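The following exercises concern the reading of a protein structure. Please study the sequence and the model before attempting each task.

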Amino acid sequence: MPEPTREDVDALVGPATPHFAYQLRARVEELVMDLADDHPVRLYAEEKMELLDRLGYASSKAEEGPRESPDRPGWSELPSSAPADAPLPR
């Protein structure tokens, strides 16, 4: 297999959802496991693995658009509104 690229990492992480965050994290880790610790793609992958760890405790990556206000009607009926950058407590 050719050396992994940032695009390979993004292809795995891009469609991530909370339900599959840990499975995708394992695939990213396997993708870069043979790269040197200081390799730029490995360092990038480690950042994305941290995102996937947080996503596992969240309900959305919520990378785009404004946040919904908790005052919005129906907010209390959502099972979890935790985005990946502010996940639920572990």
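Each exercise below gives a task and then a solution in steps.

The model is a predicted one, in which local features need pLDDT of at least 70 and side-chain atom pairs count only at pLDDT 80 or more, while totals for chains, interfaces and linings use all residues. Residues are numbered from 1 along each chain as its sequence is written, and side-chain values use heavy atoms, with hydrogens and water left out.

**Exercise 1. The overall fold**

Task: State how many helices and strands the protein chain has, and give the pattern that the chain follows along the sequence.

Solution.
Step 1. Helices (H or I, at least four residues) and strands (E, at least two) are DSSP runs, numbered from the N terminus.
Step 2. The protein chain contains 3 helices and 0 strands.
Step 3. Along the sequence, the pattern is α-α-α.
Step 4. Contact means heavy atoms within 4.5 Å. Of the contacts between residues at least 6 apart in sequence, 60% join residues at least 24 apart.

**Exercise 2. The length of H3**

Task: Determine what span the 16 residues of H3 should have, and compare it with the distance between the end C-alpha atoms.

Solution.
Step 1. The expected span of a helix is 1.5 Å times one less than its number of residues.
Step 2. For the 16 residues of H3 the expected span is 22 Å.
Step 3. The end C-alpha atoms of H3 are 23 Å apart, which agrees with the expected span.

**Exercise 3. H1 against H3**

Task: Describe how helix H1 and helix H3 pack, giving the angle and the separation of their axes.

Solution.
Step 1. Axes are lines fitted to C-alpha atoms, for helices over the stretch in contact, and angles run from 0 to 180 degrees between N-to-C directions.
Step 2. H1 (residues 6-13) and H3 (residues 40-55) pack at an angle of about 15 degrees, and their axes are 9 Å apart. H1 is therefore roughly parallel to H3. Angles under 35 degrees count as roughly parallel, over 145 as roughly antiparallel, 65 to 115 as roughly perpendicular and the rest as oblique.
Step 3. The crossing of H1 and H3 is right-handed. A crossing is left-handed if the near helix is turned anticlockwise from the far one by less than a right angle, and right-handed if clockwise.
Step 4. On the H1 side, the residues that meet H3 are Arg6, Val9, Asp10 and Val13; on the H3 side they are Val41, Tyr44, Ala45, Lys48, Leu51 and Leu52. By class, this contact of H1 with H3 has 7 nonpolar, no polar and 3 charged residues. Here Ala, Val, Leu, Ile, Met, Phe, Trp, Tyr, Cys and Pro count as nonpolar, Asp, Glu, Lys and Arg as charged, and the others, Gly among them, as polar.

**Exercise 4. H2 against H3**

Task: Find the angle at which the axes of H2 and H3 cross, and list residues that meet.

Solution.
Step 1. The axes of H2 and H3 come within 9 Å and cross at roughly 165 degrees. H2 is therefore roughly antiparallel to H3.
Step 2. The crossing of H2 and H3 is left-handed.
Step 3. From H2, residues including Leu24, Arg25 and Val28 take part; from H3, residues including Ala45, Met49 and Leu52 take part. The contact of H2 with H3 comprises 10 nonpolar, no polar and 4 charged residues.

**Exercise 5. Buried and exposed residues**

Task: Decide whether leucine 52 and glutamate 7 are buried or exposed.

Solution.
Step 1. Buried means under 20% relative accessible area, exposed over 50%, partly exposed in between (1.4 Å probe, protein chains only).
Step 2. Leucine 52 lies in helix H3, and counts as buried because its relative accessibility is 0%.
Step 3. Apart from neighbours within four places in sequence, leucine 52 is in contact with Val13, Ala16, Ala21, Tyr22, Leu24, Arg25 and Val28.
Step 4. Glutamate 7 lies in helix H1, and counts as exposed because its relative accessibility is 57%.
Step 5. In the protein chain, buried residues make up 31% of the 90 residues. The buried residues of H3 pack against H1 and helix H2 (21-32).
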